[in-house]
Amino acid sequence: MANTLLLISARSEDYAFAVEVSINAGLSFKQVKDAKEGANIIGNEDGIVAMVDVSSEALYQNFETAIQETVGLFSDKANANTIHFISSDNLEKVQYLVQSPLFGHYIMRNFGNPKESGEHYGRIVRATLAEKSFGLVNLLKSGSKVQVIKLNLSSQKHNAVEAVKAYLLAAKFQSRMATVIANAVDELLMNAMFDAPADDLGKPLLNMTPRSTVLNLEGKSAVEMHVGFDGKYVGISAIDSFGSLDKAKLLSHISKIYVKEEYKIRSTSVGAGIGLATVFRSGGSFFFISESRAQTEVIVFFKRTDNFREFRDQFRFISTQFYF
């Protein structure tokens with residue numbers, strides 16, 4: 001069980017954020033400014049969650065080399081599920097992270113209020129330390145209510161998305177914000193219904209099926225949507241029972257489309273990641289949780305803000321947690 005958040009960074013804004021994360025994740029805190037020193041701590045101490053400044057490729061390479069020379073890139077000590085990279089750059093500029101065997105979590109350094117952002121991300125970190133991270137209720141403030149919607153037919157997606165939009169408007173999200181979030185929910189549900197189904201070898205079952213096809217969502221094909229709001233953040237998840245999410249393909253899709261398609265949704269294409277870059281660029285954060293052949297939960301978070309510019313530029317992250 002992890003017990004220490006180790007910050008490897010010399011930046012004061014990273015320190016303020018990481019301290020708040022450690023408090024809310026229930027971890028002690030330690031900071032070093034050198035990758036080698038950090039790697040030695042990871043190698044010699046148990047229960048380390050690492051938060052690493054990788055603002056340049058050189059900083060990342062220093063960290064990777066230090067890990068390689070101490071514990072090895074594929075050691076349990078260097079578990080990607082416990083490594084959180086921090087960068088000021090947008091996703092298309094950090095291909096060295098997307099391709100890294102150590103990639104588990106990506107945090108953009110647009111903290112805004114470090115205390116508030118750290119509190120929010122601290123709940124993410126705390127969830128990653130549990131035996132399994134599933135469950136939106138664990139990622140919102142204590143006491144938040146989460147509504148569960150079970151879809152029986154794919155044709156119910158439209159009504160589910162409209163219900164979310166109405167929920168957001170009632171929670172005082174501006175109409176433009178509610179529309180952005182509703183589009184994100186549409187994307188999550190489409191991926192859960194059409195991209196997730198796969199056979200035992202991981203081969204997609206519906207990759208040639210038109211998205212207009214009405215599917216029966218029963219048994220293994222069941223899809224659930226969970227929605228909750230804690231007064232600051234709305235969280236919405238789509239859950240399937242296939243556990244077919246492929247980390248490398250997911251990150252490749254997001255980063256490539258992010259660059260080449262200028263974050264425009266392409267509804268004619270099939271594959272997890274299509275449109276998700278749009279959601280991230282629009283202010284959304286993601287938490288992808290997948291247990292192979294059992295379950296995938298994709299959660300998107302948005303903060304309610306005073307205006308659309310703050311909404312679009314809000315603190316955001318991409319976290320992944322894979323179980324095999």
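# Exercises on a predicted model

About 330 Å³ of space lies in the second largest pocket. On a 1 Å grid over the protein atoms alone, a pocket is an open set of points with protein on both sides within 12 Å along at least five of seven lines, and lining residues have an atom within 4 Å of a point. Grid points are joined across faces, edges and corners, and the volume is the space filled by probe spheres set on the points.

This is a predicted model, in which local features need pLDDT of at least 70, side-chain atom pairs count only at pLDDT 80 or more, and totals for chains, interfaces and linings use all residues. Residues are numbered from 1 along each chain as its sequence is written, and side-chain values use heavy atoms, with hydrogens and water left out.

## Exercise 1: the pocket lining

Task: find which residues are the closest to the centre of the second largest pocket, and how its lining divides.

Solution.
- Step 1. The pocket is lined by 17 residues, and Ala2, Gly47, Ile48, Asn79 and Thr82 are the closest to its centre.
- Step 2. For the classes, Ala, Val, Leu, Ile, Met, Phe, Trp, Tyr, Cys and Pro count as nonpolar, Asp, Glu, Lys and Arg as charged, and the others, Gly among them, as polar.
- Step 3. Sorted in this way, the lining has seven nonpolar, six polar and four charged residues.

## Exercise 2: two helices

Task: compare the reach of α5 with its expected span, then do the same for α7, and work out how each is covered.

Solution.
- Step 1. Helices (H or I, at least four residues) and strands (E, at least two) are DSSP runs, numbered from the N terminus. The expected span of a helix is 1.5 Å times one less than its number of residues.
- Step 2. Helix α5 covers residues 114–128, 15 residues in total, and its first and last C-alpha atoms are 20 Å apart, close to the expected 21 Å.
- Step 3. Helix α7, with 21 residues (175–195), reaches 29 Å, close to the expected 30 Å.
- Step 4. Buried means under 20% relative accessible area, exposed over 50%, and partly exposed in between (1.4 Å probe, protein chains only).
- Step 5. In α5, eleven of the 15 residues are buried, including Tyr121, Ile124 and Val125.
- Step 6. In α7, 16 of the 21 residues are buried, so this helix is largely enclosed by the rest of the structure.
- Step 7. Look also at the N-terminal end of α5, which Asn113 caps: one of its side-chain oxygens lies 3.0 Å from the backbone nitrogen of Lys115.

## Exercise 3: two buried loop residues

Task: describe the surroundings of Ser133 and of Asn81.

Solution.
- Step 1. Ser133 sits in the loop between α5 and β6 (146–151). This residue is buried because its relative accessibility is 1%.
- Step 2. A polar contact is a pair of N or O atoms within 3.5 Å; within protein, one must be able to donate a hydrogen and the other to accept it, and residues adjacent in sequence count only if both atoms are side-chain atoms. The side chain of Ser133 reaches the backbone oxygen of Ala127 at 3.0 Å, and a polar contact of 2.8 Å joins it to the side chain of Tyr323.
- Step 3. Contact means heavy atoms within 4.5 Å. Leaving aside neighbours within four places in sequence, Ser133 is in contact with Ala127, Thr128, Phe287, Ile289, Gln321 and Tyr323.
- Step 4. Asn81 belongs to the loop between α3 (57–70) and β4 (83–87), and counts as buried because its relative accessibility is 12%.
- Step 5. The side chain of Asn81 reaches the backbone oxygen of Phe322 at 3.3 Å. Beyond four places in sequence, Asn81 touches His105, Thr128, Thr320, Gln321 and Phe322.

## Exercise 4: a pair far apart in sequence

Task: place Gln99 and Leu251, and say how far apart they are in sequence and in space.

Solution.
- Step 1. Gln99 lies in the loop between α4 (95–98) and β5 (105–108), and counts as exposed at 61% relative accessibility.
- Step 2. Leu251 is part of helix α8 (residues 247–260), and is buried, with a relative accessible area of 7%.
- Step 3. The two are 152 residues apart in sequence and 8.3 Å apart in space, C-alpha to C-alpha.
- Step 4. Not counting residues up to four places away, Leu251 touches Val98 and Phe103.

How values were computed. 1 Å grid on protein atoms, 1.4 Å probe; cavity = no way out; pocket = protein on both sides within 12 Å on 5 of 7 lines; lining within 4 Å.
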